[in-house]
Amino acid sequence: MNKFEKNVLDYRFELIVEMLSKSRVVITDRLDASVLSMLMDKPHVIVNDEMNGGHFEARNTREAAFKDRAECRKENLSGYYANDIVEALDKSVLLLDKND
């Protein structure tokens, strides 16, 4: 990776972190956005991504990666799972109400 490519990646990462930091709730179909949201203590909903194996794969990967950390156990995670965007929106509204 050359210096230009690294600068572009750094810039994109900074934009993503800035966007997530301004969000009250995050809806995503990506594991990396879920992990970043969790690390930033942002409530979030993982939507089923049928094109890339579905959210159950993301759920299993995330739970396996953090299973030995007490603060990352299922009851302490700020993420929820949804089968479609309508369910994700419903859950995000509940998260907004819960956190107000």
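This passage looks at helix H4, a loop residue and the salt bridges of a predicted model.

We may start with helix H4, which runs over residues 85–99. Its 15 residues reach 21 Å from the first C-alpha to the last, close to the 21 Å expected at 1.5 Å a residue. Ala88, Ser92 and Leu95 are the buried residues of this helix. They share the same side of H4, because the arc they cover around the axis is only 60°. The cover over these buried residues includes three strands, namely E1 (26–28), E2 (44–47) and E3 (79–82). On the other side of the helix, Val86, Leu94 and Asp97 are exposed.

The N-terminal end of H4 has a cap, provided by aspartate 84. Here a side-chain oxygen of aspartate 84 lies 3.1 Å from the backbone nitrogen of valine 86. Helix H4 also holds a salt bridge, in which the side chains of glutamate 87 and lysine 91 meet at 3.3 Å, N to O. These two residues are separated by about one helical turn, because they are four residues apart in H4. The general geometry fits this spacing: an α-helix has 3.6 residues a turn, so residues three or four places apart point the same way. Glutamate 87 counts as partly exposed at 24% relative accessibility, and lysine 91 is likewise partly exposed, with a relative accessible area of 25%.

The whole structure contains three salt bridges, and helix H1 (residues 3–22) is the next place to look. There, lysine 6 and aspartate 10 are joined through their side chains at 3.0 Å, N to O. Both belong to H1 and sit four residues apart, about one turn of the helix. Lysine 6 is partly exposed at 43% relative accessibility, and aspartate 10 is partly exposed with a relative accessible area of 32%.

Helix H1 also carries the salt bridge between lysine 22 and glutamate 18, whose closest N and O atoms are 3.0 Å apart. This pair too is four residues apart, about one turn of the helix. Lysine 22 counts as exposed, at 64% relative accessibility, whereas glutamate 18 is partly exposed at 39%.

Finally, a backbone detail deserves a glance. Aspartate 41 has a phi near 60°, a positive value in a residue other than glycine. This aspartate is placed in the loop between helix H2 (31–39) and strand E2. With a relative accessible area of 62%, aspartate 41 is exposed.

Conventions
Residues are numbered from 1 along each chain as its sequence is written. This is a predicted model: local features need pLDDT of at least 70, side-chain atom pairs count only at pLDDT 80 or more; totals for chains, interfaces and linings use all residues. Side-chain values use heavy atoms; hydrogens and water are left out. The expected span of a helix is 1.5 Å times one less than its number of residues. Buried means under 20% relative accessible area, exposed over 50%, partly exposed in between (1.4 Å probe, protein chains only). The arc is that of the directions from the helix axis to the C-beta atoms. Contact means heavy atoms within 4.5 Å. A polar contact is a pair of N or O atoms within 3.5 Å; within protein, one must be able to donate a hydrogen and the other to accept it, and residues adjacent in sequence count only if both atoms are side-chain atoms. A salt bridge is a side-chain nitrogen of Lys or Arg within 4 Å of a carboxyl oxygen of Asp or Glu.
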